Structure formats: C-alpha cells, structure tokens
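Trainee: I have a structure open on my screen and I'd like to learn how to read it. Could you walk me through it, feature by feature?

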Amino acid sequence: MAQPWGRKPYTLAQLARRAGISEGRARALYTATPSGLPRPDTADADGRPLWWEGTIDRWCASTGRAVPEDSFWLVRPEPLTSPAVELRRGWVETTGPYGRPMPLFAVVWDTEHGHLVYLVEQDGDHGWDTVAHAAAQLVEPRWWSTTAVVVQTNQRLGDRDVPLAYLYRLVGKSTARDGSAGNDGGGRGARNRDAAAAGESLFGGLRRMWNRALAGPETLSSPDDDLVEGGAAARRWARAEWVTSLDFDEFAPQLGLSLPVWLDGTLTAGTAARSLAYPGTLTVPDTSTDWPAVQARLESAENTGLPQRYPAAWAVLAADAAARLDQIRAAHAATSTGGDGWYLAARPAAPAPPLALEQRITATRPEPDLDRVRDELTRLRAVEADLDVDDPEGPVHAEAIDLLAEQLRAAARDQVRAEGRKPAARDYVPVADDGLVVYHGRWDGPVIEAWKAELTELTGADRDAALRLRRVHRLTDRHDPDVLRELYRDADGRYLLVTEYGPNTAVWAEWPVSLRVVDGWTDDTVLAADHHGGIATLLALTPDPDGRFRVDPVPLGPRSGRDAHGYGYDGGTPHVTYRALLRCALGDDVDLDRTSRRLVAQRASTDRPSDSQLWHALSTTQGPLRLPWSQLVQWAQADHDRATADRNA
C-alpha cells in the first residue's frame with residue numbers, strides 16, 4: 001500500500017488524544033467484546049496495536065465524534081453550500097509502470113473543499129496505489145494539496161451492498177520545473193469555478209468537459225506531455241498517499257454526489273461511452289461470470305454426442321453447470337442497483353439458457369458408480385491429449401476431466417472422514433491424480449545428456465503434427481515461437497520441449513505423478529540431478545544389461561504446488577522434493593504427513609537439528625546429486641519409523 005497519511009502510527013494513548021476521549025475510555029473500548037475501536041492497522045515490535053491517522057478520523061466521523069481540524073477534508077466532508085462542478089467524465093487511456101496499458105474510467109469534480117478525482121480501473125491488473133497515482137495527470141500541481149482521490153475497489157456480482165473505496169491524497173515529490181513548489185498551491189473550489197466560467201485552462205488540454213471528447217478516448221501517456229497538462233511527467237512529480245478506506249455512503253451523499261460503480265468485467269470503452277448518456281444501470285453482455293463459457297460447453301457436448309459416449313462425464317458437466325447457474329442467479333438477486341451516494345453503472349445480462357437445456361441439467365446427478373467414473377476419466381485423458389488444438393471437443397473434454405477427477409477426490413475425502421480420519425490436502429487419489437503435469441527444469445549437464453541419448457527427437461512432419469496436439473500445446477503456449485527448440489518423445493510416449501532464452505536452455509516436460517514408474521527401479525537405480533541454483537531435473541537412471549540406461553522422471557507429489565524438484569538449500573522446494581521421495585520409497589498407503597511435519601518442526605527448531613539423512617543430503621548437497629535408490633529407501637524408512645515412534649511415545 002502507498003505511504004499512509006501522516007506517515008506515523010498512533011498508539012492507544014495517542015488515539016485517545018486525537019479522538020478527544022480519555023485514555024481509560026479508549027482502553028475500555030479496545031478491550032470490549034466486540035471492540036469499540038476500529039481494528040488496528042498494524043502493531044509495534046512488542047505487538048501493541050497501532051492505528052493510522054485516517055483510520056482514527058474515519059472512526060470519529062462514523063461514531064458522531066468531532067473530527068480533528070487537521071484531518072483530510074474527505075474524511076469529514078461538510079455539506080456543500082454550492083453544487084460540485086463536474087469537470088470531466090469518461091474513458092481515459094493511460095499507462096502504468098513499465099509502460100503497461102492502464103485504461104481507466106475517471107470523473108473529476110471541483111468542490112469548495114478541493115478537487116475530487118474518482119477512478120476505476122478496467123481490468124484490475126494494477127494495484128489501487130498505481131491507479132491513484134494517475135490522478136496527478138488530471139489535476140494541475142497547484143491543486144494537488146487539496147485533491148482527494150477516490151479509487152473504487154473491486155466489486156463483483158453478488159458482493160456487499162455498499163461498495164468500498166480507497167481514499168488517497170496527492171503529494172508533490174519535489175519542486176516543479178519552473179522552480180515553484182510542486183504541491184504548495186492552495187486555492188478552493190470557488191476560485192476554480194470562477195476560472196472555469198471565465199474560460200481559463202486550469203487543466204490545459206485535459207480540463208475538458210466530456211462532450212468535447214466524444215470523438216474518442218483521451219490518452220495521458222505521452223512522455224512529451226507538459227507537466228501542467230498532466231501527462232506522464234506529472235507522475236514523476238507526484239505520489240499518492242493512502243489515507244483510509246470509506247464506504248461510498250460515508251462521503252458521497254454529503255457532497256451531493258452519486259458515483260457510478262462498475263462491477264468487474266463490465267467496464268469497457270463502449271460501456272463507458274454509453275453510461276454518459278444514461279445515468280442508470282446498463283445491461284451489458286456477460287463478461288463477468290463464466291456462464292457463457294459453461295453454456296457453450298454444454299451445447300458443444302450435446303452437439304458432439306458426449307452424453308451418449310461418456311455419460312459419467314456428461315453427468316458431472318451438467319451437475320456442475322446447474323450448481324453454477326443457481327449461484328450466478330443468486331448473485332444477481334443479491335446485487336443492488338444503487339444506494340446512498342452510488343449507483344450501479346452496468347450489470348451483466350442474467351443467464352438465460354434454453355428451457356430444454358436447463359431442464360436437462362437440473363435433472364441430472366453425478367454418476368454414483370465410481371468404477372465407471374474412473375474408466376471414463378482414463379479414456380477421456382487418452383483421447384483429449386491427442387486431439388488437435390482446434391478440435392471443438394478439446395475444451396469440453398478438458399473440463400470433464402477436471403470435474404471427474406474432483407468427483408473422485410471428493411469421494412476419497414468422504415471415505416477418509418467416514419473412517420474417522422482427517423483428509424490430507426495432498427493425499428494421492430488413484431486415477432484422479434494419474435494425469436501428467438508440466439515440469440520445468442534446466443537442460444544441461446551430464447544427467448541431461450544421458451537422458452537425451454534415450455529420447456526420440458521429432459523432426460519434419462512428425463514435429464509439425466505433434467505441435468498440433470493439445471498435450472504439446474500445454475508445453476508451448478507459454479512461449480513465443482522463436483524460443484522453441486527441440487521437441488522430444490520418451491520411451492513411454494511423454495513429450496518434452498526445449499526452449500532457449502538467451503544463453504539459458506530449459507525443458508518443459510510432461511511429468512508423471514503416479515508411482516507406476518517406480519515399479520521398474522532396482523537396487524542399481526540411482527536418482528540423479530545436476531545442481532542449477534536449487535532447481536533440478538531429477539531423474540532415475542537404471543542400467544540395462546546391454547549397458548544402456550532406462551531413464552524415468554522422478555514423480556512429483558500430487559497437487560504439490562511445484563513444477564520442479566530442488567535441492568541444495570533449506571527451503572520449500574527441497575522440502576516438497578523430500579516428501580515426493582518419501583512417497584516414492586514408501587508408497588501411497590503410508591501416512592506421509594506425520595513424517596513431513598516432524599521434519600518441519602526440526603527445521604524450525606534451533607536446539608533440535610534434523611536427524612534425517614535424506615533431508616541432510618537434499619539440503620546440503622551443492623554439486624551433482626547422486627542418490628542410490630536402495631540407500632534412499634532405507635533413509636526414508638528410518639525417517640518414517642522415527643516419526644511413528646515419536647507419536648507412540
């Protein structure tokens with residue numbers, strides 16, 4: 001968050017003085033249940049509560065107490081003696097850090113207290129502090145000291161009735177280029193309105209009413225813009241300081257204003273232009289919810305005969321769609337179109353599926369026969385992976401695969417609870433967790449060279465055909481075409497893609513989670529990797545009688561949150577690798593959580609270092625890693641036995 005207003009926190013005693021109450025009264029309010037004071041913003045090194053100045057002033061205003069005279073004016077807005085003058089309203093195309101586009105909806109008012117700038121970002125890609133910073137492009141530096149910037153926070157369909165805004169003030173960073181102070185201009189709204197009536201250009205090219213800009217959106221990002229005209233140069237001379245958060249009904253009614261609130265996904269240049277002519281709630285195409293995509297998937301599934309070929313897949317697609325339909329309709333019903341100080345500018349069109357389709361999905365229930373679910377999931381995975389990227393069945397199959405897998409996981413969790421145990425988040429579920437995941441590692445070193453000797457490189461027509469597959473697109477779609485290098489297939493049919501970014505080459509590979517590959521490991525197998533700053537391409541090398549190697553990827557743990565193994569330091573990725581190796585050695589029928597938690601406790605302890613030899617090898621090895629499989633199994637079993645003994649003790 002930006003620098004808080006006042007730049008210093010207030011203790012409980014200081015809060016009492018600022019609020020005009022005794023310290024004893026403040027302490028009693030704080031210790032009450034529920035607390036009578038606002039929630040602390042932070043704490044000091046000893047854990048004592050601290051509040052920002054804006055939080056205290058807002059609390060005073062909301063509880064009817066006198067607000068300190070030096071508080072920022074929008075925290076204590078007094079009713080206006082004359083209406084606010086709207087200087088501009090509409091779509092603004094500007095840029096954020098690193099030149100990234102940051103389109104905004106902006107309204108600028110001139111009030112007798114100072115300027116008020118209201119900003120809403122289109123896509124939420126930038127933080128609210130960055131959005132607030134853009135206000136410096138809309139107001140001359142001499143008015144910054146009295147400018148209040150209100151940024152609408154994200155508002156989704158079905159959210160709370162009263163929207164929340166973040167309040168900022170503008171502060172000049174240094175002196176302006178003409179030598180005058182960058183933020184010493186006082187002045188009140190009355191002078192601003194007089195100047196506007198006289199035709200003076202307080203905002204240069206930007207101080208226009210929207211009816212002068214209907215030809216198109218204004219762009220505020222040119223590096224050649226003059227400071228007074230509020231271009232990119234203005235951002236270099238100002239910063240936004242966060243003051244507090246306010247509900248819209250806490251400040252807008254007192255100013256006689258009603259602010260347009262935009263739901264996520266409804267703000268575009270087109271809807272912004274339409275809102276200028278209609279000061280009510282527009283109905284716009286639904287880009288806020290996923291219902292259009294859900295309905296399209298259902299219709300595609302029916303058109304391609306999926307209900308007949310994969311009835312369990314259709315059942316879970318239909319049941320999921322029915323649940324989403326109910327949720328979205330409930331969100332529509334819960335969304336208000338306005339309140340004190342605000343109105344909803346636009347809302348997405350409500351779902352309206354064909355009646356026959358709605359009747360079919362609402363009457364469908366998931367398949368209760370889990371064996372049939374497993375069978376269809378296995379078959380769908382095999383079919384979906386090798387579909388062409390433009391095949392309309394691809395997205396439908398992919399969604400059905402995810403839902404069938406989650407159905408199996410939910411059933412497994414229910415079974416664990418029925419047995420009186422607590423489900424673990426990363427427990428392996430057969431079939432559900434047998435899909436391939438994407439692994440990312442380095443592509444150099446002796447271990448990689450041994451692997452390359454056992455791979456088949458695809459060239460010519462074979463490469464072109466493979467690049468059209470959905471499974472290969474999961475490896476390529478995150479890269480520009482000009483960085484793609486070799487494409488390989490291993491002995492089990494998994495694909496590997498090599499990329500080159502400058503001097504670095506990397507591999508993006510289909511990687512197993514299932515332990516089936518472990519069945520072929522012998523006492524001669526060695527788990528090997530070459531160290532590259534912690535991230536490793538960890539492989540199992542098993543020699544054949546003819547002197548060649550069988551090379552297997554070392555499985556990742558189910559839903560591990562990592563796309564690579566790692567070693568060489570005491571950190572999260574090596575710990576995830578430790579757990580994955582425990583699983584490889586002990587299997588999926590062993591409770592790994594107890595052993596893993598024991599290591600976590602030892603890592604956090606200063607007087608009880610870890611006694612795990614496996615963890616010691618993973619966390620301290622700095623060069624090439626070579627772990628004999630037979631030794632690793634012994635270490636893993638020893639760790640598990642110690643964890644079991646600790647529990648029994």
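Mentor: Sure. Let's start with one term: contact means heavy atoms within 4.5 Å. And keep in mind that this is a predicted model.

Trainee: Okay, let me try the term on a residue. Leaving aside its neighbours within four places in sequence, what is serine 275 in contact with?

Mentor: Beyond those neighbours, serine 275 touches Phe105, Trp262 and Leu282. The serine itself lies in helix α7, residues 269-277.

Trainee: Does serine 275 count as buried or exposed?

Mentor: Buried means under 20% relative accessible area. Serine 275 has 9% relative accessibility, so it counts as buried. For contrast, try glutamate 86, which is found in strand β3 (residues 85-95). Its relative accessible area is 26%, so glutamate 86 is partly exposed. Glutamate 86 also shows how sequence and space can part ways: aspartate 110 is 24 residues away in sequence, yet the C-alpha to C-alpha distance is 6.4 Å.

Trainee: Before I go on, how much should I trust the coordinates?

Mentor: Where pLDDT is low, the predicted coordinates should not be read in detail. Here the protein averages a pLDDT of 85, and 87% of the residues score at least 70.

Trainee: Over which residues does pLDDT stay under 50?

Mentor: That's residues 174-232. The model has 126 contacts beyond four places in sequence for that stretch, but I'd go back to the general rule: low pLDDT means no detailed reading.

Trainee: Got it. Now strands. What should I look for?

Mentor: Strands of a sheet pair through backbone hydrogen bonds, either parallel or antiparallel. Take strand β13, residues 342-348: 7 of its 7 residues are buried.

Trainee: Which strands pair with β13, and in what sense?

Mentor: Strand β10 (residues 259-262) runs parallel to β13, with 4 bridges, and leucine 259 stands opposite tryptophan 342. Strand β11 (residues 282-284) is also parallel to β13, over 3 bridges; there leucine 282 has alanine 346 as its bridge partner. Strand β12 (residues 338-339) is antiparallel to β13, joined by 2 bridges, and glycine 338 is matched with tyrosine 343.

Trainee: What goes on in the hairpin of β12 and β13?

Mentor: It has 2 residues between the strands, and glycine 341 takes a positive phi near 85 degrees.

Trainee: How do I describe a whole sheet, then?

Mentor: Give the strand order, the sense and the edges. One open sheet has 5 strands in the order β14-β18-β17-β16-β15, with antiparallel pairing. Its edge strands are β14 and β15 (456-457), each pairing on one side only. Between β14 and β18 there are 6 antiparallel bridges, and valine 438 is the bridge partner of glutamate 510 in β18.

Trainee: And which strands stand at the edges of the sheet β22-β21-β19-β24?

Mentor: That's an open, antiparallel sheet of 4 strands. β22 (549-553) and β24 (625-628) stand at the edges with a single partner strand each, so one side of each has no neighbour in the sheet. From one strand to the next the twist averages 25 degrees. Strand β19 (residues 526-529) pairs with β24 over 4 antiparallel bridges, and alanine 529 has leucine 625 as its partner there.

Trainee: What about aromatic rings?

Mentor: A pair of aromatic rings is described by the distance of the centres and the angle of the planes. A search of the whole structure finds 13 aromatic pairs. In one of them, tyrosine 439 and tryptophan 511 have ring centres 3.7 Å apart and planes at 15 degrees, so the pair is stacked. The two sit 72 residues apart, with tyrosine 439 in strand β14 (residues 437-442) and tryptophan 511 in strand β18 (residues 504-511). Both are buried.

Trainee: Which residues form one aromatic cluster with them?

Mentor: Trp443, Trp451 and Tyr488 join Tyr439 and Trp511 in that cluster.

Trainee: Last one: how do helices α10 and α13 pack?

Mentor: For helices, look at the angle and the axis distance. Helix α10 (residues 311-334) and helix α13 (residues 393-418) pack at about 85 degrees, axes 9 Å apart. They are therefore roughly perpendicular to each other. The contact includes Ala312, Val316 and Arg324 of α10, and Val396, Leu403 and Gln407 of α13.

Technical notes
Residues numbered from 1 in each chain as written. Predicted model: local features only at pLDDT ≥ 70, side-chain atom pairs only at ≥ 80, totals over all residues. Heavy atoms only, no water. Buried < 20%, exposed > 50% of the residue type's maximum accessible area, 1.4 Å probe, protein only. Pairing = 2+ DSSP bridges. Phe/Tyr/Trp six-rings, centres within 6.5 Å; stacked < 30°, edge-to-face > 60°. pLDDT = per-residue confidence, 0-100. Axes fitted to C-alpha atoms, helices over the stretch in contact; angles between N-to-C directions. Parallel < 35°, antiparallel > 145°, perpendicular 65-115°, else oblique.
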